[in-house]
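Trainee: I'd like a close look at one part of this model, please. Pick a spot and work outward from there, with the cut-offs as you go.

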Amino acid sequence: MSADPAPSLPTPSVPFADLGLPEPLLRALSDVGYESPSPIQAATIPPLLQGRDVLGQAQTGTGKTAAFGIPMVERVDPKDKRCQVLVLVPTRELAEQVAGEINEIGQYKGVHAVAVYGGASFTPQIKAFQEGTPIVVGTPGRVMDHMRRRNLHLDAVKMFCLDEADRMLDMGFIRDIRKVLDLLPPQRQNLLFSATFSDEIRRLASGLL
Ligand code: AMP
């Protein structure tokens with residue numbers, strides 16, 4: 001991951017320390033070269049830390065991954081090995097990228113994320129669940145497969161995030177998303193990130209948030 005802010009990441013002057021983040025997170029952010037939050041991070045991190053639902057409009061390149069990754073790592077209990085956070089993404093590449101960034105942010109708190117997606121062997125994904133990964137980042141089809149086979153239990157999920165929701169709907173994932181939603185505990189924090197907001201996204205968001 002690059003330590004240089006992308007050109008679309010104008011950084012407001014508030015440092016991360018002013019958002020009330022604990023030392024292990026601040027140290028990890030400093031390691032990856034993030035000094036101050038991007039606008040989407042400054043807007044979403046405080047309400048997410050308070051446990052509120054968030055609807056974010058953000059393109060790739062704005063720092064949206066850390067906008068939800070930082071509060072996720074902060075809200076997870078590293079001693080509880082069950083899945084506490086579920087992130088649905090449209091592609092395997094995004095699953096790898098999001099899990100990788102969360103793993104960097106969580107390195108000093110001992111919080112791990114696993115990426116699960118179709119076309120890859122089930123075995124290492126199952127092994128990761130058995131070892132305990134509080135954050136699961138996956139494509140809807142493979143997450144459904146793991147749930148059906150009882151490899152993955154979602155009854156301890158307290159945060160749920162749909163990332164790149166517009167791309168997921170374009171790729172026809174709406175039915176799988178709704179099935180996963182039906183199996184999540186009703187008491188949870190919800191996040192939805194999308195680059196664009198069609199009527200379909202607004203309907204999905206209003207049912208979710
Ligand atoms: P994303 O929009 O999540 O794909 O992030 C775009 C790029 O910005 C990634 O390479 C991140 O590592 C980087 N990035 C995210 N947040 C910050 C920040 N606060 N300061 C500098 N770089 C960042």
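Mentor: Start at Ser38, which sits in the loop linking α1 (23-31) to α2 (39-49); helices (H or I, at least four residues) and strands (E, at least two) are DSSP runs, numbered from the N terminus. Keep in mind that this is a predicted model: local features need pLDDT of at least 70, side-chain atom pairs count only at pLDDT 80 or more, while totals for chains, interfaces and linings use all residues. Residues are numbered from 1 along each chain as its sequence is written, and side-chain values use heavy atoms, with hydrogens and water left out.

Ser38 has a relative accessibility of 1%, so it counts as buried (under 20% relative accessible area; exposed is over 50%, partly exposed in between, with a 1.4 Å probe and protein chains only). A polar atom of the Ser38 side chain is 2.9 Å from the backbone oxygen of Thr62. That pair is a polar contact: N or O atoms within 3.5 Å, where within protein one must be able to donate a hydrogen and the other to accept it, and residues adjacent in sequence count only if both atoms are side-chain atoms.

Now for the ligand. Its shell has 15 residues, and Tyr34, Gln41, Gly61, Gly63 and Thr65 come nearest; to be near, a residue needs a heavy atom within 4 Å. The shell splits into five nonpolar, nine polar and one charged, where Ala, Val, Leu, Ile, Met, Phe, Trp, Tyr, Cys and Pro count as nonpolar, Asp, Glu, Lys and Arg as charged, and the others, Gly among them, as polar. For the polar pairs, the Gln41 side chain puts an N or O atom 2.7 Å from a ligand nitrogen. A ligand oxygen lies 2.6 Å from an N or O atom in the Thr65 side chain, and a polar backbone atom of Lys64 is 3.3 Å from a ligand oxygen. On its own the ligand exposes 500 Å², and the protein buries 90% of that; the areas are Shrake-Rupley values with a 1.4 Å probe, and for residues only the protein chains shown count as cover.

Moving along the chain, Thr91 is in the loop between β2 (85-88) and α4 (92-105). Thr91 is buried as well, at 13% relative accessible area. Beyond its neighbours within four places in sequence, Thr91 is in contact with Thr139, Arg167 and Met171, contact being heavy atoms within 4.5 Å.

Next comes helix α6 (residues 140-148), where the buried residues are Pro140, Arg142, Val143, Met144, His146 and Met147. They pack against β2, β3 (113-116), α5 (122-131), β4 (135-138), α7 (165-170) and α8 (174-182). Right after α6, Arg150 has a positive phi of about 60 degrees.

Leu184 is in the loop from α8 to β6 (189-194), and its 6% relative accessibility makes Leu184 buried. With neighbours within four places in sequence set aside, Leu184 contacts Leu86, Leu154, Val157 and Phe160.

What about the cysteines? There are zero disulfides, a disulfide being two cysteine sulfurs within 2.5 Å. The sulfur of Cys83 is 13 Å from the closest cysteine sulfur, that of Cys161, which is too far for a bond. Cys83 is buried at 5%, and Cys161 is buried at 0% relative accessibility.
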